[in-house]
Amino acid sequence: MLEIRFHGRGGQGAKTASQLLAVAFLEAGRFVQAFPEYGPERTGAPMMAYTRVDERPIRLHAAISEPDVVVVLDPSLVLEQNVTEGLGSQGFLVVNSGGLGSRVILPDIEGIVLAVPADELAEKSGTRHANTVMAGAVAALLGEPSLEQLLGAVDDVLARLPESLRLHNRQSVQEGYTYGVNALRTLDASSAKKPVHPAPQPARDTQAAHGPKLGRAGALIRPGDYPVPLTGGWRMGKKPAVFLNRCVNCLLCWQFCPDGAVVVDGTTFLGFDYAYCKGCEICDAVCPTKAVVMIDEESPVGSLGQLKEVSAS
Amino acid sequence: MANIKEMAAHSQIDPRFGSGHSLCRGCGIPSIVRTVLSSIPGPVAVINATSCLEVATTRYPFTAWKIPWMHVAFENSAAVASGVEAAYHALKARGELSEPMTLVVFAGDGGTYDIGLQALSGALERGHRFIYVCYDNEAYMNTGIQRSSATPFGASTTTSPAGRAAMGKPEPRKNIVEIVAAHRIPYVAQAAMSHWQDLSNKVQRAYHAEGPAFLNVLSACPPGWGHEPRDAVRVVRLAVDSGYWPLVEVIEGHWRLSYRPSERVPVMQWLTLQGRFRHLFQPDQEEALEKIQTIIDDEWERMTQRDAQSASWFASEQARRWEVLPTLPDSWEPRLGEPMWEHFRKTPNPA
Amino acid sequence: MTPRLPFHTPGVDLHHLRVITGAQGVAHAMRQIDPDVFPVYPITPQTPIIQTLSQFVADGLCHTHVLDVESEHSAMSAAVGAALAGARTMTATASQGLALMVEVIYLAASLRAPVVIAVGNRALSGPINIHGDHSDAMLARDSGAIQIFAETAEEAYDFTIIGTKLAEHKRILLPVMVGLDGFTITHSAEPVALLPDSAVKDFVGPYAYPSPLLGNQAGTYGPFSMPDSYFDLKYQEIEAVEAALEVFELVAEEFFRLSGRRYQAVEAYRLEDAEAALVMMGSHSGTAKEVVDKMRDQGTRVGLVEIRLYRPFPRHAIEQALAQVPRVAVLDKASSPGTLPPLFLDVAASVANTSKLVSVIYGLGGRDVPMAGLQDILEGVLADRFPPREPGYLFGNKVWHKEGKSWPI
Ligand SMILES: Cc1ncc(C[n+]2csc(CCOP(=O)(O)OP(=O)(O)O)c2C)c(N)n1
Ligand code: SF4
Ligand code: SF4
Ligand code: SF4
Ligand SMILES: [Mg+2]
């Protein structure tokens, strides 16, 4: 059995990618299964999807904890999560390196790590999503399914999309596939085609994790005592910054920021809290004086996102 | 009246709703929640119906709520609030509660217009004192954008999809404000997330109402409406400025427009921003577009007439007590941690 | 000429007793407990409970806020809200009303809302019927609510008091359903010994829900639980339900000291050396005791196991009670079309040798259960007349089994 785990964010198409591979593998004569992990999360939140492939009917309906292949659709997830959890020493890690900044260091694993500039390739193909590129690259890496089978799967899974968008996605699958084939030449091809099962690891004991601390009926009595998840990783691409000299302190950005990421001291605007900012750009959209600008994630900026005006422009 | 600065100060001195939730990028709900909660002086307890807001803000063991908050189910938040209010009176009678507390219900349009309507109607008729806030994003978003009776005519949702043989939802939306107003409760209003000052004023009137108060607040939903997250405020503002979403109040049965755009913009401007109406811009859909404009024009006409009819009442002495008084001296320059804020909290109820 | 009574003994002093219905008994218990909030919606045969209580309130005899809501769903929802907010809360329902409540009863259990629910057990529609059986209670069988079944009006009164203390016990904090059979108990007047008001008040004590919603601290009640915590939280609830086996005994013992009336989760009635026994719950257990006595008088060694605590199910007590009994008929006042009925399955899970058990369904929709019928069951069991794994149906005086025969009526 081959087990693939996709890490993505809500809206990035991890579920679609997992289905795409499943449909294509079926076309290649394999038994398959594809399923997402559902939570209360919304667009931008980390989520996972899975594909199982086997030579015989798959009866297993359990989560995949020891994947053979891990596909990361959003490089920022490498910072937030242990994406290689359960990935054996012979495993494959395929990461979208689009916008991959210096802050992301790919995990050092014994198996194959392939960085795919999927954002770039997607853009080149006319789509916004890297998921189909990544599916193409994974197929190339595994040597199966074939490109034709993948393209057939695109038509099947994305049948509801307008013709033009479907064509773009066919194109991006192809880009990913080609990239994977070329990358393989520089890798040890024989080992890449034979995923080996890692040694089994003990299952995580949720009882031990939660049991003794559980409040009655899960009531969270002193909310301050519980961890607050950081949502800064949801940003895709840009982050807000501010030229304080242009700011008239109207606090409209504070008013409309969905994530409480606009920092105000008393009634004075100070800047942005990148730990929570999801990058929705509303602050930029509502700022009456254009004091807010959206800048690249990698651009250096002070902790609150304060910028200095370089010259009058 | 609470202006932005007061609300900002309030939310630091007395934080009620925080960061770290998993509502979508660009979701309109948090700004409504924060505006409502920071416009209410004194302690607040919240009852939340099953919805995006509920699941995304309380994933165990995380919570974004820093005040008493309870969720029981989807269709019963008004009933749960009835019970909490009854308990509140019992505890107060026994002297177990020192401070008065405001009870706020947050529910989506599904939990209000549809499955929760019966419980809401019952609670309104019984006259429980709470502020019921329906954040209306015009569909069941939590379960994946299915149509609700708040979904507007022509909008495509996953259960009223546009296709070769269908142009989105064939029925116009239900007018919940009229339905609620028919219960003759003291205060009913319609507001929008974009018009925060209007919303804040309305929350304060609701706070002063001696009985149930109801607010229907339009909230943007980028994935559900199909717009860029950054356009969340703009799209709601256009709903108001086109007259699609009139900002109204019904005070003791008297209707008025609380805001009148200087010039109503064509509804097309609002429609074109949203993917859920994309199919209406095919060549053969002029009729549907016209129908949308007609629905809006008729509704606007009705509202302006009602507004005119109530003019004399609003000029009367009786209406005066509903004016939300400025609660702070003009010279007030709030700074964190200063006792000035106490002034706001202790301002007596003018009602 | 004066009519002559068939008695041979002089009358005794029964001044301490009042002749009231089960419904009135429950209402009296509620008056004495004086809950803060009573959200409720009317349905036969629960109506006399809420009417009586409303009159008590109107007459100033208790302070309860009777909240006349617009449905049972809202009644239970308001009850959960009030109980968690910090107020003692009760409600009452039956049949379709209970069916409508069930969603929220599950929530009450998981949110740990100690609401006492008096249930005038009635058949479920359809066809629509207002009379007694246990099918409504079975809907809430797996909800996490504790269920107690009363045999008499006296027990309905007593269990309302015991149930309140049990529900609010710090190890429990769960809804408690007190079942009294529709009409046979709700509407039959029987002698009931009411305790003094002050004794009941002292017995239940003040309502002291730990960290209620309207306490003085912030708290998130009822958060969204993912697969990594749901099971653990559910286990916590299961543990609390199980604890009620022990706590029921403690509370019943305390009640005995107060009232002189002793209750057990499982009552073994004349089981010593019994050749056959019935297992059942509710009002018809009284009839069954008569039958047992009569048959014993005639030299037939039979007995009865009466279950009062149905959830949590007293598995070990049942096992013990039935250990020496070679033949057992389990009587269900409910059905589970397509399989054997619920009480039978519970008993079967509790005994070592299930081949000695047979199942009989009786009294659906208030069908009368005469002594002769119960006797026919015992005789049939003694004669090994009943097939295994097939329920029999009690119609009037006779048990009927399918076996290719046509419907007897
Ligand atoms: C009785 C019941 N039926 C259905 C559901 C599933 N459900 C949960 S939330 C929801 C939709 C909520 O829609 P709305 O109230 O508009 O809030 P939104 O998600 O849009 O914020 C539905 C259908 C449920 N929880 N309970
Ligand atoms: S982009 Fe601006 S409005 Fe959006 S989350 Fe970040 S700070 Fe808030
Ligand atoms: S919206 Fe712009 S001007 Fe207003 S406070 Fe924010 S940064 Fe300053
Ligand atoms: S789906 Fe819509 S309403 Fe729900 S969290 Fe996302 S933006 Fe908000
Ligand atoms: Mg909605």
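**Close-up 1. Pro312(C) sits in the loop between strand S13 (309-311) and helix H10 (315-322) of chain C.** The peptide bond leading into Pro312(C) from Arg311(C) is cis, with omega near -5°. Helices (H or I, at least four residues) and strands (E, at least two) are DSSP runs, numbered from the N terminus. The model is predicted, so local features need pLDDT of at least 70 and side-chain atom pairs pLDDT 80 or more, while totals for chains, interfaces and linings use all residues. Residues are numbered from 1 along each chain as its sequence is written, chains are lettered from A and ligands numbered from 1 in written order, and side-chain values use heavy atoms, leaving out hydrogens and water.

**Close-up 2. A cis peptide bond links Tyr60(B) to Pro61(B).** Omega is about 0° here. Pro61(B) belongs to the loop between helix H3 (52-57) and strand S2 (69-71) of chain B.

**Close-up 3. Arg112(C) and Ile145(B) each have a positive phi.** Arg112(C) is not a glycine, yet its phi is about 65°. Arg112(C) lies in the loop between helix H4 (95-111) and strand S5 (116-121) of chain C. Its relative accessibility is 5%, so Arg112(C) counts as buried. The classes are buried (under 20% relative accessible area), exposed (over 50%) and partly exposed in between, with a 1.4 Å probe and protein chains only. In chain B, Ile145(B) has a phi near 65°, again a positive value in a residue other than glycine. Ile145(B) is placed in the loop between S4 and S5 of chain B.

**Close-up 4. The magnesium ion (ligand 5) has protein donors from chain B.** These are Asp109(B) through OD, Asn137(B) through OD1 and Ala139(B) through O. They lie 2.0 to 2.1 Å from the ion. Along the sequence, the donor residues follow the spacing D-x27-N-x1-A. Asp109(B) and Asn137(B) link distant parts of the chain, 28 residues apart. Asp109(B) is in helix H5 (residues 109-114) of chain B. Asn137(B) is in the loop between strand S4 (131-136) and strand S5 (162-163) of chain B. Both Asp109(B) and Asn137(B) are buried. Donors are N, O and S atoms within 2.8 Å of the metal (3.2 Å for Na, K and Ca); water is not among the atoms, so sites may look incomplete.

**Close-up 5. Glu138(B) and Arg276(B) pair in a salt bridge.** The N to O distance is 2.7 Å. The two residues are 138 apart and link distant parts of the chain. Glu138(B) lies in the loop between S4 and S5 of chain B. Arg276(B) lies in the loop between helix H11 (267-271) and H12 of chain B. Both side-chain partners, Glu138(B) and Arg276(B), are buried. A salt bridge has a side-chain nitrogen of Lys or Arg within 4 Å of a carboxyl oxygen of Asp or Glu. By this rule the count over all chains is 60 salt bridges.

**Close-up 6. A salt bridge crosses from chain A to chain B, joining Glu281(A) and Arg230(B).** The closest N and O atoms are 2.8 Å apart. Glu281(A) is in the loop between strand S9 (268-272) and helix H10 (282-286) of chain A. Arg230(B) is in the loop between helix H9 (222-225) and helix H10 (232-241) of chain B. Glu281(A) is partly exposed because its relative accessibility is 22%. Arg230(B), at 28%, is also partly exposed.

**Close-up 7. Lys234(C) and Glu237(C) form a salt bridge in helix H8 (residues 227-259) of chain C.** The N to O distance is 2.9 Å. The residues are three apart, about one turn of the helix. Lys234(C) is partly exposed at 22% relative accessibility. Glu237(C) is buried, at 6%. Elsewhere, salt bridges with shared partners join Glu151(C), Glu155(C), Glu267(C), Lys289(C), Glu306(C) and Arg308(C) into one network.

**Close-up 8. Glu154(C) is in helix H6 (residues 153-168) of chain C.** Glu154(C) counts as buried because its relative accessibility is 11%. Its C-alpha atom is 25 Å from that of Ala277(C). Along the chain, Glu154(C) and Ala277(C) are 123 residues apart.

**Close-up 9. Asp284(B), Glu286(B), Glu287(B) and Glu290(B) form a negative surface patch.** Glu286(B) lies in helix H12 (residues 286-309) of chain B. Glu286(B) has a relative accessible area of 45%, so this residue is partly exposed. Patch residues have over 30% relative accessible area (Shrake-Rupley, 1.4 Å probe) and no salt bridge; like charges are joined within 9 Å. Asp and Glu count as negative, placed at CG and CD.

Note on methods:
Patch = residues over 30% accessible without salt bridge, like charges linked within 9 Å, V, L, I, M, F, W, Y side chains within 5 Å.
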